[in-house]
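Student: I am new to this structure and would like a close look at a single part. Please take me through the nonpolar core and the residues around it, one step at a time.

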Amino acid sequence: MILAAVLVSLIAFSWSLLRQFSPKLERDDRNRALIIVGLTGYTLLFCVNAAYGRLCGGLKIASASRYVIYLEPAILGFYFFLLSLRQATARKFLLSNFLIAVVAGSFYLDRGGMGFSKNVKQGWKTCYLQTEDIEQCDKVAGFPIYSNSLQQTHLREKLEYLKKTRQNLYLDQKVP
């Protein structure tokens with residue numbers, strides 16, 4: 001439903017932009033259309049790229065929802081689309097339903113998934129700071145930090161850099 005709503009707003013205002021050279025289209029309408037097309041178009045392009053990238057990493061990675069925040073511009077663009085509706089009763093009805101959906105959606109938190117992720121990462125970090133053995137810590141945590149090979153990701157080099165510059169894992173550690 002969300003995809004359909006965003007596509008409708010993108011198509012409607014893309015069509016409006018195509019007619020931008022018409023003397024009937026005012027400057028405010030053109031700016032509104034540009035903003036809505038930019039917000040929704042960016043998000044849809046991001047979704048296509050993220051979906052492709054996730055599938056390249058495998059189904060395990062594809063099911064992770066770490067990029068949800070990048071969907072917010074489309075929601076904002078859809079909100080602007082609803083605000084631009086000319087018929088007052090339809091605009092009020094759709095905006096009320098939109099507000100109800102946003103408020104209802106904001107109450108959902110996947111506490112189990114968040115707790116699992118936090119525990120896995122904390123366990124891996126603790127293990128790595130003690131042993132500096134990536135493979136062993138993947139086994140201890142029960143979940144690999146990277147699904148790709150260590151040679152492909154250059155993880156050892158990255159972790160050595162973090163240690164040398166006292167960043168991330170080593171931020172609070174005393175490193176010789």
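Tutor: What follows starts with the whole chain, goes on to the core and its neighbours, and ends with a few places to compare.

This is a predicted model, in which local features need pLDDT of at least 70 and side-chain atom pairs count only at pLDDT 80 or more, while totals for chains, interfaces and linings use all residues. Residues are numbered from 1 along each chain as its sequence is written, and side-chain values use heavy atoms, with hydrogens and water left out.

Let's begin with the overall layout. The protein chain has 9 helices and 0 strands (helices are DSSP runs of H or I with at least four residues, strands are runs of E with at least two, and both are numbered from the N terminus). Of its 176 residues, 24% are buried; buried means under 20% relative accessible area, exposed over 50%, and partly exposed in between, using a 1.4 Å probe on protein chains only. Among contacts in the chain with a separation of 6 or more, 48% join residues 24 or more positions apart, where a contact means heavy atoms within 4.5 Å.

How far can you trust the picture? The mean pLDDT, the predictor's confidence in each residue from 0 to 100, is 81 for the chain, and 83% of the residues score at least 70. By element, α5 has the highest mean, 91, and helix α3, residues 59–62, the lowest, 64. Where pLDDT is low, the predicted coordinates should not be read in detail.

Now to your core. The largest nonpolar core holds 14 residues, and Phe 13, Phe 78, Phe 81 and Leu 82 have the most contacts inside it. Such a core is a set of buried Ala, Val, Leu, Ile, Met, Phe, Trp, Tyr and Cys residues joined through side-chain atoms within 4.5 Å. At least two of its residues come from each of α1 (2–18), α2 (27–57), α4 (72–83) and α5 (88–106). A second, separate core has 12 residues, including Ile 134, Leu 155, Leu 162 and Leu 169.

Phe 13 is a good place to zoom in. Leaving out residues up to four places away in sequence, Phe 13 touches Arg 32, Ala 33, Ile 36, Val 37, Phe 81 and Ser 84. Ser 84 sits in the loop between α4 and α5. With 13% relative accessibility, Ser 84 counts as buried, and apart from neighbours within four places, Ser 84 is in contact with Phe 13 and Arg 32.

Another serine to find is Ser 9, in helix α1. Ser 9 is buried, with a relative accessible area of 0%. Beyond the residues up to four places away, Ser 9 touches Ile 36, Thr 40, Phe 78 and Phe 81.

Move along to Gly 41, which belongs to helix α2. Gly 41 is partly exposed at 24% relative accessibility. With residues up to four places away not counted, Gly 41 touches Leu 10 and Ile 36. The C-alpha atoms of Gly 41 and Ser 14 lie 9.5 Å apart, although 27 residues separate the two along the chain.

Next, look at the rings. Phe 78 and Phe 81 belong to a cluster linked by ring pairs, together with Tyr 79, Phe 80 and Phe 98. Rings of Phe, Tyr and Trp (its six-membered ring) pair if their centres lie within 6.5 Å; planes under 30 degrees apart are stacked, over 60 edge-to-face, and the rest tilted. The whole structure has 7 aromatic pairs. One of them is Trp 124 with Tyr 128, stacked at 5.1 Å centre to centre with 5 degrees between the planes. These two residues are 4 apart in helix α6, about one turn of the helix, and Trp 124 and Tyr 128 are both buried.

Finally, here are two backbone spots to compare. Glu 132, in the loop between α6 (111–131) and α7 (134–141), has a positive phi of about 55 degrees although it is not a glycine. Glu 132 is partly exposed, at 30% relative accessible area. Arg 166, in the segment after α9 (155–165), is also not a glycine and has a positive phi near 55 degrees. Arg 166 is partly exposed as well, at 46%.
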